[in-house]
Amino acid sequence: MKEKNILITGGSQGIGAKTAEYLSSQGATIILVARNEQKLRKMQEGLPGTSFAFSYDLQNLKDIENIFQYCLDNKIKLHGMVHCAGINRDIPVKYNDIDMMKETFVVNYMAFVELGKYFMKKKYSADGGSIVAISSSAANTLPPGMCTYASSKLALEGAVKIMAKEFLKRKIRVNAIAPSCVDTEMIDNAPFINVDDIEMTQPLGLIEPIYISYLIEYLISEKSKYITGTTIPVYAGAV
């Protein structure tokens with residue numbers, strides 16, 4: 001990871017924070033992006049290596065290029081991008097809330113496509129870069145009560161496959177990781193998941209986020225140079 005510049009959305013908590021910590025410890029320069037500036041700065045202060053932080057709300061799709069302009073202004077050419085930002089405030093379809101549905105799709109899917117659009121520009125990234133998106137096992141299992149969240153992740157995985165094909169001319173690889181339940185703040189707030197009963201459906205237990213970070217490192221590194229356009233499941237036995 002040395003001499004690699006990695007942009008991480010959702011970098012102030014959960015998988016994003018753990019990945020920032022781990023990749024920073026491996027020598028990468030980290031560019032953190034998150035909405036809460038206070039949490040973002042605190043997170044940045046704890047990183048062992050060189051880092052930058054840019055406070056941005058991904059609900060604002062129109063100005064996403066500002067993230068990349070910030071990198072350019074700081075003479076940072078990106079080698080990788082990890083989209084960890086995500087929303088899961090789902091409810092059964094009969095109680096569906098339109099605003100919640102829009103918010104979820106904007107962050108989980110639409111922002112990812114916009115981020116990819118700018119990442120693939122030569123002035124912002126190096127040839128042979130790598131993009132990793134965090135999806136979810138829900139895109140495959142389609143559990144009741146998670147229509148909006150699961151659908152947004154299905155859309156995300158579709159975008160990964162298409163972007164992988166479109167970005168081949170610059171040898172930029174695009175992949176996704178689809179974990180089942182990970183021990184993060186999102187799980188604590190998920191209405192349809194009982195953490196106490198997790199081993200009944202996920203025999204290997206609640207996934208520690210660092211293990212997702214290890215897989216992200218692999219997908220960003222040269223070790224995975226022939227892998228693109230795929231989603232890697234991490235289900236902890238929930239098959």
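Start by selecting Met-1, which counts as buried at 18% relative accessibility, because the cut-off for buried is under 20% relative accessible area. The model in the viewer is a predicted one. Met-1 is found in the segment before β1. Show what surrounds Met-1: leaving aside neighbours within four places in sequence, Met-1 is in contact with Leu-23, Gln-26, Gly-27, Ala-28, Glu-217, Ile-220 and Ser-221. For a distance check, pick the C-alpha atoms of Met-1 and Leu-40; they are 22 Å apart in space, with the two positions 39 residues apart in sequence numbering.

**Strand β1**

Move on to β1, residues 5-9. Is this strand buried or exposed? In β1, 5 of the 5 residues are buried, so the strand is largely enclosed by the rest of the structure. Colour the two faces separately: Asn-5, Leu-7 and Thr-9 lie on one side, Ile-6 and Ile-8 on the other, and both sides are covered. Next add β2, residues 29-34, which runs parallel to β1 and is joined to it by 5 bridges. To find the register, select Leu-7 and look across to Ile-31 in β2, which stands opposite.

**The whole sheet**

Now display every strand. The open sheet has 7 strands, in the order β3-β2-β1-β4-β5-β6-β7, and their pairing is parallel. Which strands are at the edges? They are β3 (51-55) and β7 (231-234), each of which pairs on one side only. Look along the sheet to see the twist, which averages 15° from one strand to the next.

Add helix α4, residues 98-119, which packs on the sheet. Helix α4 touches β1, β4 (78-83), β5 and β6, and its direction makes about 175° with that of β4. Then add helix α6, residues 147-166, which also packs on the sheet. The strands touched by α6 are β5, β6 and β7, and the angle between the directions of α6 and β6 is about 155°.

**Strand β6 and its partners**

Select β6, residues 173-179. Here 7 of the 7 residues are buried, so β6 is largely enclosed by the rest of the structure. On one side are Arg-173, Asn-175, Ile-177 and Pro-179; on the other are Val-174, Ala-176 and Ala-178.

Show β5 (residues 125-134) beside it: 5 bridges join β5 to β6, and the two run parallel. Two pairs give the register. Ile-131 has Val-174 in β6 as its bridge partner, and Ala-133 has Ala-176. Then turn to β7, which pairs with β6 in the parallel sense over 4 bridges. Pro-179 of β6 stands opposite Val-234 in β7.

From Asn-175, step to Lys-161; their C-alpha atoms are 7.7 Å apart in space, and the residues are 14 apart in sequence. Lys-161 is in helix α6. Its relative accessible area is 45%, so Lys-161 is partly exposed.

**A pocket**

Switch to a surface view for the second largest pocket, with a volume of about 210 Å³. Select its lining: Gly-128, Leu-168, Lys-171, Arg-173, Ser-221, Glu-222, Lys-225, Tyr-226, Ile-227 and Thr-228. How many of these residues are nonpolar, polar and charged? By class, the lining has 3 nonpolar, 3 polar and 4 charged residues. Two lining residues have come up before: Arg-173 is among those that line the pocket and is one of the buried residues of β6; Ser-221 also lines the pocket and is one of the contacts of Met-1.

**Two loop residues with positive phi**

Finish with two backbone angles. Most residues other than glycine have a negative phi. Select Lys-75, in the loop between α3 (65-73) and β4. Lys-75 is not a glycine, yet its phi is positive, at about 60°. Is Lys-75 buried or exposed? With a relative accessible area of 76%, Lys-75 is exposed.

The other stop is Leu-142, in the loop between α5 (138-141) and α6. Phi of Leu-142 is near 50°, again a positive value in a residue other than glycine.

How values were computed: Residues numbered from 1 in each chain as written. Predicted model: local features only at pLDDT ≥ 70, side-chain atom pairs only at ≥ 80, totals over all residues. Heavy atoms only, no water. Pairing = 2+ DSSP bridges. Axes fitted to C-alpha atoms, helices over the stretch in contact; angles between N-to-C directions. Contact = heavy atoms within 4.5 Å. 1 Å grid on protein atoms, 1.4 Å probe; cavity = no way out; pocket = protein on both sides within 12 Å on 5 of 7 lines; lining within 4 Å. Points joined across faces, edges and corners; volume = space filled by probe spheres on them. Nonpolar A, V, L, I, M, F, W, Y, C, P; charged D, E, K, R; others polar. Buried < 20%, exposed > 50% of the residue type's maximum accessible area, 1.4 Å probe, protein only.
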